[in-house]
There are 2 protein chains.
Amino acid sequence: MKKYIGIDLGGMSAKAGIVTDTGEILAKATKPTKRDGTYQEILKSMADAALEALKLSNLRIEDIESVGIGSPGTPDNEKGVLVYTNNLNFRNVPMREEMQKHINLPVYIDNDANCAALAESVAGAAKDVKTSITFTLGTGVGSGIIINNKIYSGFNYAASEFGHTVIVVDGLLCTCGRKGCFEQYASASSVIRETKIAAEKNPESKINELTGGNPEKIDAKVAFDAAKLGDKTGQEIVDNYIKYLAAGLANAINAIEPEMIVLGGGVSHEGEYLLKPLREAIYKEVYTREPVIFTKIETAKMGNDAGIIGAAMLGL
Amino acid sequence: MKKYIGIDLGGMSAKAGIVTDTGEILAKATKPTKRDGTYQEILKSMADAALEALKLSNLRIEDIESVGIGSPGTPDNEKGVLVYTNNLNFRNVPMREEMQKHINLPVYIDNDANCAALAESVAGAAKDVKTSITFTLGTGVGSGIIINNKIYSGFNYAASEFGHTVIVVDGLLCTCGRKGCFEQYASASSVIRETKIAAEKNPESKINELTGGNPEKIDAKVAFDAAKLGDKTGQEIVDNYIKYLAAGLANAINAIEPEMIVLGGGVSHEGEYLLKPLREAIYKEVYTREPVIFTKIETAKMGNDAGIIGAAMLGL
């Protein structure tokens, strides 16, 4: 059984794990990263997290095949360089070279959403299909495309930004500068935004009961909880969310036609309560017609550690 | 120099050509197809067109490597079967088997828009890049994805329907049943539709001068012609068209990040007059940021015979 280090770089911390070739995590550790830190400082924190996980696993560096890094932005794996990232303000950072000063192993890097998609493809929901897209419905909408069991990165490592495809021209302003991006309608944040608006407009809604009337307690789950209790306002939020989510996912299917769409992130924990009406809405909209086989829609299986596991699997 | 038969199946006719491995057409012929014909009748017309082109080229069947068919709908090249098509009402038609009753050569089939994209990739605008998407802006919006110099068909031959990705949720009704598809805003038909509306609303527009006041004479070109003459109405139509076209193309770039987008069809004949403002609009919207290299936007080079040439090249 071969073992790999996987590192998931976030905005606030670096999470690292020792991962087997079947996707099992043997040990993990987290180190905070300074938001305004130099790349040398951030790479040092990443290496520290990895070495701590290694220590916890009772393995030695000689037992490890490689280090994989899942990073926000646009990493160029060929050159080992993080070309561009928005939230860390990095340009052309020599990640591989810098990491190898701390851990002298082969170093692979890729986009964090791509790593989550790879984890689902190798060991998770999409392990029986060759072509899949994994969407993470969180603060934003991340997505990673797997074609023939490999990450598809585009010609220059910037592909698979489905969160930033416009589904409403002149719609809501997105953090990326475009208006009407899928992310503004399909993220967990968008559910929270719409729930806050609706709860204020409809004081009688069970949403207010469930949150004790405190808008700060509104999360992406409460509208679903209220809907399950028969609350009209909750149901409207859920229906509207599914409508926009279906539109963007049907777009991805019409463009790429993967064998499976995998949905991760908090909202996906609603499971079949979300998936059943979502599939119905999507299958009405896709270009595929019988007797062509439809794309499957499933929830993610790798949980919060998908980023670590997928990063480790870059070395497979 | 190897030679191939390429057949482009349309709704009204089958066009066939004898094509060299560098994309040169040695001879071509067209046969009408009956819209309500059986598949046997339509395949016979296709074979007749191919055999007539062969005769005109003074070659014999022994000189030809293979027959390639570009078809509307969802052809399964592995099985040689046209699984589904909307405009011919075909289901599971054994195209390869039927064609081989007439011409006993290897037969390859693929989607017509994919064939046009392959032609641009092998011998046209995209011949120096590995990954491209070719859009045909005509009655509808067709598109074909080329990844690593090969057609990307999706897991079940229904991918690359960018014309049917929604850019305006609840927007204009599309022929596919969805509302707000890219095709409804970026096709030549949409330019004609908008020009007719604007010409009626603005009797003073040069559009009416250029068409002698006859709405029937409005084509996809006249708004561009009027804009070039300084006509405000024409300019508004062009600006609006570019805005929506840019939105859909930026979506395709954010999803797939090809090295090049190729634009074909009547509207693309506007050349740099269209491309210059279009590039500006797209580059403002794409997720790619310096120093990442941007996707190139160019016009198609293979003209109306791209379908025949691309079909022939299925045999390469």
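Buried, in these notes, means under 20% relative accessible area. I need that cut-off straight away, because B:Glu257 sits at 0% relative accessibility and so counts as buried. The model is a predicted one, so everything below is a reading of a prediction.

**Entry 1: B:Glu257 and the helix before it**

I began with the backbone of B:Glu257. Its phi is near 40°, a positive value in a residue other than glycine. Most residues other than glycine have a negative phi, so I flagged this one. I placed B:Glu257 in the loop between α8 and β12 (260–264) of chain B, just after α8(B).

Then I went back along α8(B) itself. The helix covers residues 232–256, 25 residues in total. From its first C-alpha to its last it reaches 36 Å, close to the 36 Å expected at 1.5 Å a residue. How many of the 25 residues of α8(B) are buried? I got 19, so the helix is largely enclosed by the rest of the structure.

At the N-terminal end of α8(B) I found a cap: a side-chain oxygen of B:Asp231 lies 2.9 Å from the backbone nitrogen of B:Gly234.

**Entry 2: a second positive phi**

I also looked up A:Asn92, where phi is near 50°, again positive in a residue other than glycine. A:Asn92 is in strand β7 of chain A. Buried or exposed, or in between? At 45% relative accessibility, A:Asn92 counts as partly exposed.

**Entry 3: where the chains meet**

Next I turned to the interface. I noted 50 residues of chain A in contact with 50 residues of chain B. The two chains bury about 4,100 Å² between them, with 59% of it on carbon and sulfur atoms. Which three residues supply more than any other three of the area that chain A buries against chain B? They are A:Phe155, A:Arg178 and A:Tyr287, with 18%.

For polar links across the interface, I logged 32 residue pairs in polar contact. The elements giving two or more residues to the side of chain A that touches chain B are β6 (81–85), β7 (90–93), β10 (141–147) and α8 (232–256) of chain A. Of these, α8(A) gives the most, with nine residues. By class, I have that side of chain A down as 27 nonpolar, 13 polar and ten charged residues.

There are also four salt bridges across the interface. I looked up the one between A:Arg178 and B:Glu285, whose closest N and O atoms are 2.5 Å apart.

**Entry 4: salt bridges within chain B**

Over all chains, I have 33 salt bridges. I picked out a few in chain B.

B:Glu98 and B:Lys101 meet through their side chains at 3.1 Å, N to O. They are three residues apart in helix α2 (residues 95–102) of chain B, so about one helical turn separates them. Their accessibilities differ in class: B:Glu98 is buried, with a relative accessible area of 6%, and B:Lys101 is exposed, with 58%.

B:Glu259 pairs with B:Lys296, the closest N and O atoms being 3.6 Å apart. B:Glu259 lies in the loop between α8 and β12 of chain B and B:Lys296 in strand β13 (residues 296–299), so this pair ties together parts that are 37 residues apart in sequence. I have B:Lys296 as partly exposed, at 35% relative accessibility.

B:Arg279 and B:Glu298 form a salt bridge at 3.7 Å, N to O. With B:Arg279 in helix α9 (residues 272–285) and B:Glu298 in strand β13, the pair ties together parts that are 19 residues apart in sequence. B:Arg279 is buried, with a relative accessible area of 18%, while B:Glu298 is partly exposed, with 28%.

Over in chain A, I jotted down a network of salt bridges linking A:Arg60, A:Glu62 and A:Asp63.

**Entry 5: two buried spots in chain A**

A:Asn114 is in helix α3 (residues 112–123) of chain A and is buried, with a relative accessible area of 4%. Its side chain makes a polar contact with the side chain of A:Asp110 at 3.0 Å. Beyond neighbours within four places in sequence, A:Asn114 is in contact with residues including A:Ser143, A:Ile151 and A:Ser160.

A:Ala49 lies in helix α1 (residues 39–56) of chain A and counts as buried at 0% relative accessibility. Leaving aside neighbours within four places, its contacts are A:Ala14, A:Ala16, A:Ala29, A:Thr30 and A:Lys31. I also checked A:Pro32: A:Ala49 is 17 residues from it in sequence and 9.0 Å away in space, C-alpha to C-alpha.

Methods: Residues are numbered from 1 along each chain as its sequence is written. Chains are lettered from A and ligands numbered from 1 in the order in which they are written. This is a predicted model: local features need pLDDT of at least 70, side-chain atom pairs count only at pLDDT 80 or more; totals for chains, interfaces and linings use all residues. Side-chain values use heavy atoms; hydrogens and water are left out. Contact means heavy atoms within 4.5 Å. Buried area is the accessible area (1.4 Å probe) that two parts lose on being put together, summed over both. A polar contact is a pair of N or O atoms within 3.5 Å; within protein, one must be able to donate a hydrogen and the other to accept it, and residues adjacent in sequence count only if both atoms are side-chain atoms. Helices (H or I, at least four residues) and strands (E, at least two) are DSSP runs, numbered from the N terminus. Ala, Val, Leu, Ile, Met, Phe, Trp, Tyr, Cys and Pro count as nonpolar, Asp, Glu, Lys and Arg as charged, and the others, Gly among them, as polar. Buried means under 20% relative accessible area, exposed over 50%, partly exposed in between (1.4 Å probe, protein chains only). The expected span of a helix is 1.5 Å times one less than its number of residues.
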